[in-house]
Amino acid sequence: MKVHNSLRACRTAQGLTQAALAERVGVSRKTINTVENSVFMPSVGLALTLARSLGVMVEDLFTLATDEPEKP
C-alpha cells in the first residue's frame, strides 16, 4: 500500500519550519523529516495530531496512492 504524503507542502504553505511543527506536535524535528520523506509512517494518533495542528483534515496530509486513474 502506497501513501501519498503532502505534509511538507502543507507545512511550508503555513510558513512553518520542521522544528516549529515538531514543537507544536510534541515530537522531534527528525520525526517530522522522516514523515515528510516517507521514511516513517506516522501512527494514527500522530497523523491526527499533525492534521489538527495544521488546521486541516488528515486526508489533506495523507492519501492512498493508486495506480489507476480516478473515475469521474
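Let's start with one contact: R8 forms a salt bridge with E36, and their closest N and O atoms are 3.3 Å apart. By salt bridge I mean a side-chain nitrogen of Lys or Arg within 4 Å of a carboxyl oxygen of Asp or Glu. This contact links distant parts of the chain. R8 is in helix α1 (residues 7-13), E36 is in helix α3 (residues 29-36), and 28 residues separate them. Helices here are DSSP runs of H or I, at least four residues long, numbered from the N terminus.

A word on the source. This is a predicted model, where local features need pLDDT of at least 70 and side-chain atom pairs count only at pLDDT 80 or more. Residues are numbered from 1 along each chain, and side-chain values use heavy atoms, with hydrogens and water left out.

Back to E36. Which residue does E36 meet in a salt bridge at 2.5 Å, N to O? That is R11. R11 lies in helix α1 and E36 in helix α3, so this pair ties together parts 25 residues apart in sequence. Put the contacts together: R8, R11 and E36 join into one network through shared partners. The count comes to two salt bridges.

Now, buried or exposed? Buried means under 20% relative accessible area, exposed over 50%, partly exposed in between, using a 1.4 Å probe and protein chains only. E36 is buried, at 6%. R11 is buried too, with 7% relative accessibility. R8 has 37%, so R8 counts as partly exposed.

Conventions
Helices (H or I, at least four residues) and strands (E, at least two) are DSSP runs, numbered from the N terminus.
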